[in-house]
Amino acid sequence: MQRLRLLERVLIAERPHEETYATVVSLDFPPDGRSVRVMSAGHPGLLHRQGAGIRWVDHRPSLALGLFPGQTDWAETELTLAAQDAVVLFTDGLYEARTSHGRLGEEGLLRLAARHARLPAQPFVDALVRDASASARPVGGATDDVTVLHLGWNRPPDAAAR
């Protein structure tokens, strides 16, 4: 949480308007690769890829940096990881776009992700962005920024397996 406090201090010192705030997610990976600690300041959840499966991981609601300076009730979640798991982070522009059926939302994004869960990392991200954009096209397209980060790794073998 010290990192989030520092980022909030920088934001407050540098922001052009008092109304400026930022949502942030920060990840800490211990060296053993068996978990990740997710710290969120108002940021949306993430996708956890487990083999051919995928699930939405939500955080406890928390305040964005700079919204109420000094109120540091940010969310922290510990996520257990298997050897070939991955996490997918994204900006809210990926799922907040309007579609002909309303907002895509977290459930809509999870459905899109599940449809492509068997794809390798880059084709998975490409398909997710393409499908989310296509669903917003009939009502004017996505109007917010879209960024996706797919983090996967090969965990070192267990010491017991050596």
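In this predicted model, helix α3 buries F124, V125, A127, L128, D131, A132 and A136. These residues cover an arc of only 165° around the axis, which puts them on the same side of α3. An α-helix has 3.6 residues a turn, so positions three or four places apart point the same way. As for length, the 16 residues of α3 should span 22 Å at 1.5 Å a residue, and the end C-alpha atoms sit 23 Å apart, which agrees.

One of those buried residues, D131, also takes part in a salt bridge: its partner is R115, with the closest N and O atoms 3.6 Å apart. The contact links distant parts of the chain, since D131 belongs to α3 (residues 121-136) and R115 to helix α2 (residues 105-115), 16 residues apart. The two ends of this pair sit in rather unlike surroundings. D131 has a relative accessible area of 14% and counts as buried because that value is under 20%, whereas R115, at 56%, is exposed because it is over 50%.

Back at the start of the chain, helix α1 runs over residues 2-14. Its 13 residues reach 18 Å from the first C-alpha to the last, close to the 18 Å expected at 1.5 Å a residue. Here L4, E8 and L11 are buried. Looking down the axis of α1, the buried residues fall within an arc of 60°, so they line one face of the helix. Turn to the face pointing away from that buried side, and the exposed residues Q2, R9, A13 and E14 appear.

α1 also supplies a partner for another charged contact. R3 forms a salt bridge with D28, and their closest N and O atoms are 2.9 Å apart. R3 lies in α1 and D28 in strand β1 (residues 24-28), so the pair ties together parts that are 25 residues apart in sequence. With a relative accessibility of 40%, R3 is partly exposed.

A further salt bridge joins E76 to R37, the closest N and O atoms being 3.1 Å apart. Since E76 is in strand β5 and R37 in strand β2 (residues 35-41), this pair ties together parts that are 39 residues apart in sequence. Both residues are partly exposed, E76 at 42% relative accessibility and R37 at 26%.

Across the whole structure, the search turns up 6 salt bridges. The R3–D28 and E76–R37 pairs do not stand alone: salt bridges that share partners join R3, D28, R37 and E76 into one network.

Then there is the hairpin. Strand β3 (residues 46-50) pairs with strand β4 (residues 53-57) in the antiparallel sense, over 5 bridges. L46 stands opposite V57 of β4. Just 2 residues separate the two strands of this hairpin, and in the turn G51 has a positive phi of about 60°.

Further along, the loop between β4 and β5 (75-80) holds L67. This leucine is partly exposed, at 39% relative accessible area. Together with Y21 and F68, L67 forms a nonpolar patch on the surface, and the three have about 320 Å² of accessible area between them.

How values were computed:
Residues numbered from 1 in each chain as written. Predicted model: local features only at pLDDT ≥ 70, side-chain atom pairs only at ≥ 80, totals over all residues. Heavy atoms only, no water. Pairing = 2+ DSSP bridges. Helix = DSSP H or I, 4+ residues; strand = E, 2+ residues; numbered from the N terminus. Patch = residues over 30% accessible without salt bridge, like charges linked within 9 Å, V, L, I, M, F, W, Y side chains within 5 Å. Areas by Shrake-Rupley, 256 points an atom, 1.4 Å probe, with all protein chains shown as cover. Salt bridge = Lys/Arg side-chain N within 4 Å of Asp/Glu carboxyl O. Buried < 20%, exposed > 50% of the residue type's maximum accessible area, 1.4 Å probe, protein only. Expected span 1.5 Å × (residues − 1). Arc of directions from axis to C-beta.
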